[in-house]
Amino acid sequence: MPSLPPLDIKKNINYAPHVVILGAGASLAAFPNGDRNGRKLPLMRNMVEVIGLEPLLQSYGVTTGYDNFESLYDDLSDNKNNEELLAKLEDAVRTYFAGMRLPPEATIYDLLLLSLRDKDVIATFNWDPFLAEAVKRNRNIKRLPRILFLHGNVDVGVCVEHRSKGFVEHICSTCADP
């Protein structure tokens, strides 16, 4: 039977790894007034409005469902006739999030990374680049926790052929492709 990780009661230390789960609410709470350039962080309930997707959707005859982007996207993807619209939506969302930037001063993401150990984990559902940017600017300070981008991220890329991942500006260590 597995046992619990060691707990040192005398030193008040728990040696178990910590797991932090981040959703879009974390980024919105960290940046309620937007990113470095004032770009607002959208949530699923206001993504169409914040990113400005309504004209695109209306040009394809989609006039409802704007208050739940995840459901709207799911409904559109069920119909194979919407592939062009879906590609345009994906491009618009990716472009919007990829343009977001952390402010130059330390943020809650920097502090979170630096407060955890390398055996800890941060799992995020966020597409915004904030956590990835914080990793890049803090990775030389200390060993950071493991980061899991559960739904992908605009700042993370993969080489499918060689099963490697990294930040989008990096190249595959095997084939040297982006």
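## Salt bridges and a parallel sheet

Let us begin at K88, which is partly exposed with a relative accessible area of 39%. The model is a predicted one, and every value below is computed from it. The side chain of K88 meets that of E84 in a salt bridge, at 3.4 Å from N to O. Both residues belong to helix α5 (residues 83–98), where they sit four residues apart, about one turn of the helix.

**Charged pairs**

How many salt bridges does a search of the whole structure find? The count is seven. Side chains of opposite charge can pair when their charged atoms come close. Three of these pairs are set out here, with the closest N and O atoms giving the distance.

| Basic residue | Acidic residue | N to O distance |
|---|---|---|
| K88 | E84 | 3.4 Å |
| R117 | D120 | 2.9 Å |
| R143 | D118 | 3.1 Å |

The pair of R143 and D118 links distant parts of the chain: R143 lies in the loop between α7 and β5, while D118 lies in the loop between α6 and β4, 25 residues apart. R143 is exposed, with a relative accessible area of 64%, and D118 counts as partly exposed at 37%. Beyond these pairs, K136, D155 and E169 are joined into one network by salt bridges that share partners.

Is D120, the partner of R117, buried or exposed? At 1% relative accessibility, D120 counts as buried. R117 has 25% relative accessibility and counts as partly exposed.

**The sheet**

Now to the strands. Three of them form an open sheet in the order β3-β4-β5, with parallel pairing. β3 (19–22) and β5 (146–149) stand at the edges with a single partner strand each, so one side of each has no neighbour in the sheet. On average, neighbouring strands are turned by 15° against each other, direction ignored.

Strands of a sheet pair through backbone hydrogen bonds, either parallel or antiparallel. Here β3 and β4 are joined in the parallel sense over four bridges, with L22 standing opposite T124 in β4. On the other pairing, four bridges join β4 (residues 121–124) to β5, again in parallel. V121 stands opposite R146 in β5, and A123 has L148 as its bridge partner there. The chain passes from β4 through α7 to β5, making a β-α-β crossover that is right-handed.

Which way do the side chains of β4 point? V121 and A123 point one way and I122 and T124 the other, and all are buried. In a regular strand the side chains alternate between the two faces of the sheet.

**Helices on the sheet**

Helix α6 (residues 108–115) lies across β3, β4 and β5, and runs at about 160° to β3. Helix α7 (residues 130–138) also packs on the sheet, touching β3, β4 and β5, and its direction makes about 155° with that of β5.

**A buried serine**

One more residue is worth a look. S27 lies in helix α1 (residues 24–30) and counts as buried, at 0% relative accessibility. Leaving aside its neighbours within four places in sequence, S27 is in contact with L41, Y109, N126, D128 and F130. One of these contacts, Y109, falls within the residue range of α6 (residues 108–115), and another, F130, within that of α7 (residues 130–138).

Conventions:
Residues are numbered from 1 along each chain as its sequence is written. This is a predicted model: local features need pLDDT of at least 70, side-chain atom pairs count only at pLDDT 80 or more; totals for chains, interfaces and linings use all residues. Side-chain values use heavy atoms; hydrogens and water are left out. Two strands pair if DSSP finds at least two bridges between them. Helices (H or I, at least four residues) and strands (E, at least two) are DSSP runs, numbered from the N terminus. Axes are lines fitted to C-alpha atoms, for helices over the stretch in contact, and angles run from 0 to 180 degrees between N-to-C directions. Contact means heavy atoms within 4.5 Å. A salt bridge is a side-chain nitrogen of Lys or Arg within 4 Å of a carboxyl oxygen of Asp or Glu. Buried means under 20% relative accessible area, exposed over 50%, partly exposed in between (1.4 Å probe, protein chains only). A crossover is right-handed if, with the strands pointing away from the viewer, the path from the first strand over the helix to the second runs clockwise.
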